[in-house]
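Student: Please walk me through this one. I'd like the reason behind each label as we go.

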Amino acid sequence: MSVEQGAGVFWRWWAAGTTSSVGSAVGAVALPLTALTVLDASAFEMGLVAAASYVAWLVIGLPAGVIVQRLPLRGAQVGADLARAVAVVSVPLAWWWDRLTVAQLVVVALVVSFANVLFDVANSTFLPAIVGRDQLHARNSLTSATHAATQLTGPSLGGLAVQVLGAVPAVLVDAASYLVSAALLKSLPARRVDAPDRWPPVRAMIGEGWRYVTRHPVMGPTMWTATAVNFVCGAQLAVYPLYLVRELHAPAALVGVLLAVEGVGSLVGAALTPWITGRWGTARSLLVACVVAVGGAFLVPLGAGWPAYLAFAAGNVVFAGGVVVLSVTTRTYRQTASPPDLLSRVMATVRFVSWGAIPVGGLLAGALAGLAGARVTLFCFAAATVLAPLALLLSPVRRLRDLTDLYIDEPAVPETVAARTP
């Protein structure tokens, strides 16, 4: 593949992800508002919907790395997009036939969740195949900045669409985005898989990826840091709409705007990540980013009335900015430091653990909010954010300037297929 072809492939890959992200951001507002305003969902039911959106990471998160390694990346991504589109379209259809229930929203969230797992592992594995190692950090920053921009505009569009069209019809925007993404990805070249005569057992391949990550002196601690952050994110996904609608009494359009300001923090964080890590070093930047995220989490539930809206927006911006620096830096490190044969399993292992914490946080937050209220719940989970920098401070990362400063002279896994990979 020539440089020009490679660049063209990257931009089509980027356009597909951007389109899908805009639709997903709209759906992230429309679906919970459908549960709240159309079906009058309880706090626990809101927690169920939020948890269902990520629970697949706990179910197939580990096998996903093996599945993706054995499938054409393009085919896995296109199939996931089509599955998500069909699931989301069922919501307005059921509503028009007066059959929509919270149970269906949970099922739809589950289907989308399982498709997301395969799509995300395939997507993160595809990027190093079309971008040189020297460009990975910049491309990851670009994709994170783009995601931040879509998170900035998407919820605002979602809130406006809900205000104008209603919560259920607005869900169709999400379905359309998946179809556009599938069409763009279909135009990408399929990755050729040099399959061995006989694949090792799935369980052995999963274990190989697990041991590599958990025994790695950098990937292990950063995975636990991401897990603590995502545990809190799961709670926020479940409680934010509840907090804004039922405790702050914000109208739908304002809910969209307040949720969208997260994109401001993510956009700024993604844009500044190369400068921050270049000036302070990747390891030190992670520690600072985690401390910043802790401060943002505590700021979110402060105040009453309009000051509460401002505190929510400011806290959302600060928290998101810290998280995106953590995300870009650790993702780039995994993509460059992992043996190529293990990359999909490394990504799947990390996301199984860290993203698996999202539904757990959502369920616990939904249950706690039903008993103590949304504001108290947000404060409790803000305290849990402290575990993120703590995981780094208790690891070798605390002594490093850059993550790559820790030289590893022995494989982190036993002598197996992956250990023999150049």
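Student: Where does tryptophan 96 lie, and why does it count as exposed?

Tutor: Tryptophan 96 sits in helix H4. A helix here is a DSSP run of H or I with at least four residues, numbered from the N terminus. As for the label, exposed means over 50% relative accessible area, buried means under 20%, and partly exposed is in between (1.4 Å probe, protein chains only). Tryptophan 96 comes out at 51%, so it counts as exposed. Keep in mind that this is a predicted model: local features need pLDDT of at least 70, side-chain atom pairs count only at pLDDT 80 or more, and totals for chains, interfaces and linings use all residues. Residues are numbered from 1 along each chain as its sequence is written, and side-chain values use heavy atoms, with hydrogens and water left out.

Student: What makes the nonpolar surface patch, and which helix gives the largest share?

Tutor: The patch is made by Val38, Leu93, Trp95, Trp96, Trp97 and Leu172, and covers about 610 Å². To join a patch like this, a residue needs over 30% relative accessible area and no salt bridge, and nonpolar side chains (Val, Leu, Ile, Met, Phe, Trp, Tyr) are linked within 5 Å. The areas come from the Shrake-Rupley method with a 1.4 Å probe, and for residues, only the protein chains shown count as cover. Helix H4 (residues 73–96) gives the largest share, three residues.

Student: What stands out about aspartate 98, and is it buried or exposed?

Tutor: Its phi is near 60°, a positive value in a residue other than glycine. Aspartate 98 is in the loop between H4 and helix H5 (102–130). Its relative accessibility is 68%, so aspartate 98 counts as exposed. Histidine 249 is another case: phi is positive there, about 55°, although it is not a glycine. That histidine lies in the loop between H9 and helix H10 (252–260), and at 61% histidine 249 counts as exposed.

Student: Back to H4. Why are aspartate 81 and arginine 84 called a salt bridge?

Tutor: Here's the idea behind it: side chains of opposite charge can pair when their charged atoms come close. The rule asks for a side-chain nitrogen of Lys or Arg within 4 Å of a carboxyl oxygen of Asp or Glu. Aspartate 81 and arginine 84 have N to O at 2.6 Å, so the pair passes. Both lie in helix H4, three residues apart, about one turn of the helix, and both are buried.

Student: How many salt bridges does the rule give, and what makes the one between glutamate 208 and arginine 345 interesting?

Tutor: The count is four. Glutamate 208 and arginine 345 meet at 2.7 Å, N to O. Glutamate 208 is in helix H8 (residues 202–215) and arginine 345 in helix H14 (residues 343–354), so the pair ties together parts that are 137 residues apart in sequence. Both of these residues are buried. Another bridge joins aspartate 402 to arginine 401, with the closest N and O atoms 2.9 Å apart. Aspartate 402 is at 17% and therefore buried, while arginine 401, at 29%, counts as partly exposed.

Student: Why is helix H2 described as largely enclosed?

Tutor: Seven of the 10 residues of H2 (residues 43–52) are buried, so the rest of the structure largely encloses this helix. Those buried residues are Ala43, Met46, Gly47, Val49, Ala50, Ala51 and Ala52.

Student: How do you know that there are cavities, and what lines the second largest one?

Tutor: Rolling a probe the size of a water molecule over the atoms shows where empty space is left. On a 1 Å grid over the protein atoms alone, a cavity is a set of points where a 1.4 Å probe fits but cannot get out, and lining residues have an atom within 4 Å of a point. Points are joined across faces, edges and corners, and the volume is the space filled by probe spheres set on them. The search finds three cavities of 30 Å³ or more. The second largest holds about 40 Å³, and its lining is Val232, Gln236, Tyr240, Ala297, Val300, Pro301, Leu378, Phe381 and Ala382. Helices H9 (219–247) and H16 (374–384) each supply at least two of the lining residues.

Key
1 Å grid on protein atoms, 1.4 Å probe; cavity = no way out; pocket = protein on both sides within 12 Å on 5 of 7 lines; lining within 4 Å. Patch = residues over 30% accessible without salt bridge, like charges linked within 9 Å, V, L, I, M, F, W, Y side chains within 5 Å.
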